[in-house]
Amino acid sequence: APPDSISGQPLLGSSFGIPFNATYDYVIIGGGTAGLVLANRLSASGAHSVAVLEAGSFYEISNSNQSQIPRWVWNGAGLGFGDVNPLVDWEIETEPEEGSGGARIHYPRGRTLGGSSSRNHMVYHRGTKGSYKKWADEVGDKGYEWDKFKAYFEKSTTFNKADGSKRLANSTPAEDPAGARSKDGPVSISYTNWVLPITSWVLKATEALGMKPIPGFIDGDLIGSSWNMRTTDPKTQVRDSAETAYLRPALKRRNLIVYHTTYATKILFNGTEAVGVRASTLGKAFALTARKEVILSAGAIHSPQLLMISGIGPKATLDKYGISVLKDAPGVGQGIEDHPAIGVTYKVRVKSSTFLDTPAKNEEAVREYLEEGTGPLSSTGGELVAWEKVPRRLVSNKTAAALDVVPKDWPDLEFLVTSSYPGLAPDKDDYAGVTVVLVNTFSRGTVTIASSSIFDQAIVHINFLTHPVDQELAIAGFKRAREIMTHKSMAAVVVGDEVLPGNGTFTDAQILKYVKAGSRTISHVSCTCKMGKKSDPLAVVDSEGRVFGIQKLRIVDASGIPFLPPGHPMSTIYALAEKLADRILGGK
Ligand SMILES: Cc1cc2nc3c(=O)[nH]c(=O)nc-3n(C[C@H](O)[C@H](O)[C@H](O)COP(=O)(O)OP(=O)(O)OC[C@H]3O[C@@H](n4cnc5c(N)ncnc54)[C@H](O)[C@@H]3O)c2cc1C
């Protein structure tokens, strides 16, 4: 082995692999949100050697500071491809999506160390107690009930109080008692130092409409309103990702090696036992052998793609591409869940969309961010969130009954305050609105392969807003967003009639047309290799993430969750990876 330190100074290069055959205890495919949690925890004791294969590299190198500065996360994450940076994004193009006016859309996914935690909007909250109880019941493992599972949410995070010196008194969160239990985890969770001014009025409107303030969203409850937390380091105001939080502190360990800019091209088997991974660094092929396990953490699009290419998936699909079938697993690639979002926009008389509309204002925002750690650049937007069960007066009995299948604490709708809904050309006036996200959905998508090569993009149908229940909920959510913006609490700040979509969109048919033409997903793709009981024909992994019928192969990432709990999934992915790392180390 080459020297790994000179005069006691570790050599940075010792942490990185080069494209030649090698053997490790654990080989992790994907250095993303879940993959880097596993890399850190499995290498912590020094007893096991761990390799991570990641298609991307460090986003601080590949994406300048665009991923680090909160507001700039919006760059490259829209529906189009014009501003996408291929060094940090997979540039996935979906099949024509009915929910986006029939267009093929850009579906952002992180191709970088930290994965989508390095590209996401950093919104951090946890799902509800009822949703994790449902998870535990569906997979037959009480370890997913909130009372037990919450330990892993807490293990992964450090809670930081709001900085009252930076936020106005009427927008400073009250102490969240649950924060005290998240004391020393790797990922910082904090409140933004800046809040969109119109938010205080929206807070009053949502409360008047029944969404009462609650202490926060990290203790298993969501219904109500609260200030939204982010995965931002409060000292630097820079993004915390799986790369900053889990990888960097572990890089000094000599038993952890990262192969960056390296694709896993196939999982290798001896019979039905996974024994390693075939890899490629810029076309140079090599193989990594796994003594103990191969762990697949390539995310909800690429984990099923790699499984299929490696011979585990629906038989008909594998036959079509001449892939020899190791295991006929019909659930691989099925059941994509995601959350669609829709918005309404109004002209307002408080500063909102004009914060950054000239070069001079941008310069001032950069100064404010760098010198004071605040201003519009320090937030990704949506500083206030409210959740509710949709008022049943707004939906049919049939839809109400369908929505009621989820637990009582599972909201149907999420509302975020935004400075103007995307799609509106900026002018000198200020605009703001409410974005509504559907978090109790029935439309499901699919991912399948287009060839037997990992280098050909998988075929992705998100299919969002195709199910009639989702369509009715979208219409109701849209009306609710309107009710918030036109509530009398907003009268002092809203100017005139609605701007987008405006008064021409009134009947349910008109609203649905608008929604289907202008909605977007918020990139929560999940459940494509879902966890479940052995008796479930579509379940791909058991509650320990082990692939049914295969030995020494585990899936730990957003593909392996049984369903999307309400809201934003990052907290759940971190917690799942923490939990399964514990189980692997415990010999499970
Ligand atoms: C734009 C955007 C905004 C979002 N906003 C939020 C938010 O605000 N809050 C929230 O909670 N969630 C948000 N999410 C969702 C959340 O970030 C993801 O659900 C979560 O990060 C997924 O984690 P993962 O480990 O499953 O996959 P990822 O973190 O995506 O990791 C997968 C990794 O595998 C690598 N990989 C894939 N294939 C291969 C291969 N063949 N070889 C080697 N490496 C490979 C990828 O490059 C990637 O690094 C957002 C996601 C996006 C994209």
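The following paragraphs lead through a predicted model, from its domains to its core, its ligand shell and several individual residues.

The domain assignment divides the chain into two parts, each assembled from three separate stretches of sequence: domain 1 (1-122 + 240-333 + 525-588) and domain 2 (123-238 + 340-440 + 465-518). The centres of domain 1 and domain 2, taken over C-alpha atoms, are separated by 28 Å. Where the domains meet, 30 residues of domain 1 are in contact with 45 residues of domain 2. On the side of domain 1 that touches domain 2, the elements giving two or more residues are helix 6 (242-247) and helix 13. Helix 13 gives the most to this side, namely 7 residues. By class, the side of domain 1 that touches domain 2 holds 13 nonpolar, 11 polar and 6 charged residues.

The interior may be considered next. The largest nonpolar core comprises 158 residues, and those with the most contacts inside it are Ile28, Ile29, Leu38, Ala39, Ala51, Val294 and Ala577. This core lies between domain 1 and domain 2, because both domains give residues to it. Valine 294 illustrates how such a residue is placed: leaving aside its neighbours within four places in sequence, valine 294 is in contact with Val27, Ile29, Ile267, Ala274, Gly276, Val277, Lys552 and Leu553.

Helix 1 shows the interior from another side. Of its 11 residues, 11 are buried, so helix 1 is largely enclosed by the rest of the structure. Among these buried residues are Leu38 and Ala39, which also belong to the core residues with the most contacts. The cover over the buried residues of helix 1 includes strand 3 (22-29), strand 4 (50-53), helix 6, strand 12 (256-259), strand 15 (284-296) and helix 13.

The ligand forms a further point of orientation. Of the 42 residues around the ligand, Gly30, Gly32, Gly115, His568 and Met570 come nearest. The elements that give two or more residues to this shell are helix 1 (33-43), strand 13 (262-270), helix 7 (299-309) and helix 13 (570-585). Helix 7 supplies the largest share, with 4 residues. The shell around the ligand divides into 18 nonpolar, 19 polar and 5 charged residues.

Part of the chain also carries a database annotation. An unreviewed UniProt entry assigns "domain: Glucose-methanol-choline oxidoreductase N-terminal" to residues 299-313. In the model, the end C-alpha atoms of residues 299-313 lie 16 Å apart, and the span is 73% helix and 13% strand.

The unreviewed UniProt entry further lists Asn120, His121, Met122 and Val123 under "binding site". Asparagine 120 is located in the loop between strand 6 (106-107) and strand 7 (123-124), and histidine 121 lies in the loop between strand 6 and strand 7. Asparagine 120 is buried, because 26 other C-beta atoms lie within 10 Å. Histidine 121 likewise counts as buried, with 21 C-beta neighbours inside 10 Å. Leaving aside its neighbours within four places in sequence, histidine 121 is in contact with Val73 and Thr380.

Two strand residues offer examples of chain segments brought together in space. Threonine 265 is placed in strand 13 and counts as partly exposed, with 18 C-beta neighbours inside 10 Å. Threonine 265 and alanine 279 are 14 residues apart in sequence, yet their C-alpha atoms are 5.2 Å apart in space. Beyond its neighbours within four places in sequence, threonine 265 is in contact with Arg278, Ala279, Ser280 and Ile454. Glycine 343 lies in strand 18 (residues 340-348) and is buried, with 24 other C-beta atoms within 10 Å. From C-alpha to C-alpha, glycine 343 and serine 420 are 8.7 Å apart in space, although 77 residues apart in sequence.

Helix 3 completes the description. The buried residues of helix 3 (residues 129-139) are Lys129, Ser131, Tyr132, Lys134, Trp135 and Val139. What covers them includes helix 4 (146-155). Helix 3 is followed by glycine 140, which has a positive phi near 70 degrees.

Technical notes. Residues numbered from 1 in each chain as written. Predicted model: local features only at pLDDT ≥ 70, side-chain atom pairs only at ≥ 80, totals over all residues. Near = placed C-beta within 6 Å. Nonpolar A, V, L, I, M, F, W, Y, C, P; charged D, E, K, R; others polar. UniProt positions renumbered as here; feature names shortened; annotations may be inferred. Core = buried A, V, L, I, M, F, W, Y, C linked by C-beta atoms within 7 Å. Buried ≥ 20, exposed ≤ 12 C-beta atoms within 10 Å, placed from the backbone. Domains from an automatic or database assignment. Contact = placed C-beta atoms within 7 Å.
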